[in-house]
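Here is a short briefing for a reader who is new to this structure. Please look over the sequence and the model before reading on.

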Amino acid sequence: MNKIKKIGYSLALAMATAASPVLAEYPERPIEFVVPWPPGDIEDTLTRMIADAMRDETGVPASTVNIAGGGGLVGATHVFSQPADGYTVGVFTANIISVHIMRGNATYDRDEFEPIAGIIGYGQVLAARQDAPYSNLAELAEYAKSNDVTLGVVGLNAPPALQVRRMAETLGFEFASIAGYDEAQCQLLFNGEVDVLLGGATIRPCMTSGEAKGLAALTTARIPIYEDVATLEEQVPGFSTPGWAGIFVRKDTPQEARDVISRIAQEVVESEEAQELAANVGAVIRWTPADEADAYADVFYDRIEDLLGN
């Protein structure tokens, strides 16, 4: 190639390179983490920790936006309406990818969201007074077959209550009565209104004081502050549908974005600060990788569908 041709070739290559778009590394602009609930609960607090870490590690603004309404549906629909580019990330509770779809409330299909990870297992516990003559589900069932046992729940037709009723049916007994309350409070056990109570953070005081004991944890794993309380799945396998939350993105989100979010979020979830948060509210904060979370979401969907009679 002569000198003139070489110069012409070099100029052409330079012009082609300049005309080609340079792909920026993710992230290059602000990231929005959407929590479809009001501020203050565990998923909101943990998400804010993740957003702060994302900002600190990447130098790109990251914020937590609370878009409440419709049992989480408004916030989820907002995420669905945004491009699948990793800049709008949802932190969703399990009902958003199950119950809303089953009941026809959602504008998105079952496969529209994919988990980056599962991060929270909500701390629902079936509890009784410390002096109750049963300490696990098998003992409760044996006692209830010849004695009246009353149950208190929040939401008579909510999945946790339906699970407890299915548990009783599976173990061959019925509760003498089931009462619904606006909030599960320890006093319901102590004043004799109910014998067994299903509750979350509001019954932690009497659980940690030793005045009440857990019969089963309706969680994805044993709750660290109640390590001796076996899960429902451990005691009566096959239909447990514990409440959980995960980090979700649109199905076509680039892998590069998923990898960055995953790396930073995992560091936060496994931090001492996050585990202290879990202990304070009696929940499980644990990193469940994308493939495991996806498989669990499928099992959860099928079990919820069965519980609701769909």
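The points below cover two sheets, a disulfide, a pocket and one loop residue.

This is a predicted model. One open sheet has 6 strands, and another open sheet has 5. A search of the whole structure finds 1 disulfide. The largest pocket has a volume of about 1100 Å³.

**The sheet of 6 strands**

- The strand order is 2-1-3-10-4-11, and the pairing is mixed.
- Strand 2 (62-66) and strand 11 (284-289) are at the edges. Each has a single partner strand, so one side of each has no neighbour in the sheet.
- From one strand to the next, the twist averages 25°.
- Strand 1 (residues 31-35) pairs with strand 3 (residues 88-93) in the parallel sense, over 3 bridges.
- Glutamate 32 has threonine 88 in strand 3 as its bridge partner.

**Helices on that sheet**

- Helix 2 (residues 42-58) packs on the sheet. Helix 2 touches strand 1, strand 2, strand 3, strand 4 (113-121), strand 10 (244-250) and strand 11.
- The direction of helix 2 makes about 160° with that of strand 2.
- Helix 10 (residues 255-269) lies across strand 1, strand 3, strand 4, strand 10 and strand 11. Helix 10 runs at about 150° to strand 11.

**The sheet of 5 strands**

- Here the order is 7-6-8-5-9, again with mixed pairing.
- Strand 7 and strand 9 (212-218) are the edge strands, and each pairs on one side only.
- The twist averages 25° from one strand to the next.
- Strand 6 (residues 150-153) and strand 7 run parallel, joined by 4 bridges.
- Opposite leucine 151 stands isoleucine 178, in strand 7.
- Helix 5 (residues 137-144) lies across strand 5 (124-129), strand 8 and strand 9. Helix 5 runs at about 110° to strand 9.

**The disulfide**

- In general, a disulfide is a covalent bond between the sulfur atoms of two cysteines.
- Cysteine 186 and cysteine 206 form the disulfide, with their sulfur atoms 2.1 Å apart.
- The pair links distant parts of the chain, 20 residues apart. Cysteine 186 is in the loop between strand 7 (177-180) and helix 7 (187-190). Cysteine 206 is in helix 8 (residues 204-209).
- The torsion about the S-S bond of cysteine 186 and cysteine 206 is about -80°, so the disulfide is left-handed.
- Cysteine 186 and cysteine 206 are both buried.

**The largest pocket**

- The volume of the largest pocket is about 1100 Å³. Of its 41 lining residues, Thr93, Tyr122, Gln124, Pro160 and Gly243 are the closest to its centre.
- Several elements each supply at least two residues of the lining: helix 2, helix 4 (99-102), helix 6 (159-170), strand 8 (196-199) and helix 12 (290-307).
- Helix 6 gives the largest share of the lining, 3 residues.

**Asparagine 95**

- Asparagine 95 is in the loop between strand 3 and helix 4.
- The relative accessibility of asparagine 95 is 23%, so asparagine 95 counts as partly exposed.
- Not counting residues up to four places away in sequence, asparagine 95 touches Trp37, Gly71 and His100.
- Asparagine 95 and glycine 72 are 23 residues apart along the chain, and their C-alpha atoms are separated by 8.2 Å.

Key:
Residues are numbered from 1 along each chain as its sequence is written. This is a predicted model: local features need pLDDT of at least 70, side-chain atom pairs count only at pLDDT 80 or more; totals for chains, interfaces and linings use all residues. Side-chain values use heavy atoms; hydrogens and water are left out. A disulfide is a pair of cysteine sulfur atoms within 2.5 Å. Buried means under 20% relative accessible area, exposed over 50%, partly exposed in between (1.4 Å probe, protein chains only). Two strands pair if DSSP finds at least two bridges between them. Axes are lines fitted to C-alpha atoms, for helices over the stretch in contact, and angles run from 0 to 180 degrees between N-to-C directions. Contact means heavy atoms within 4.5 Å. On a 1 Å grid over the protein atoms alone, a cavity is a set of points where a 1.4 Å probe fits but cannot get out, and a pocket is an open set with protein on both sides within 12 Å along at least five of seven lines; lining residues have an atom within 4 Å of a point. Grid points are joined across faces, edges and corners, and a volume is the space filled by probe spheres set on the points.
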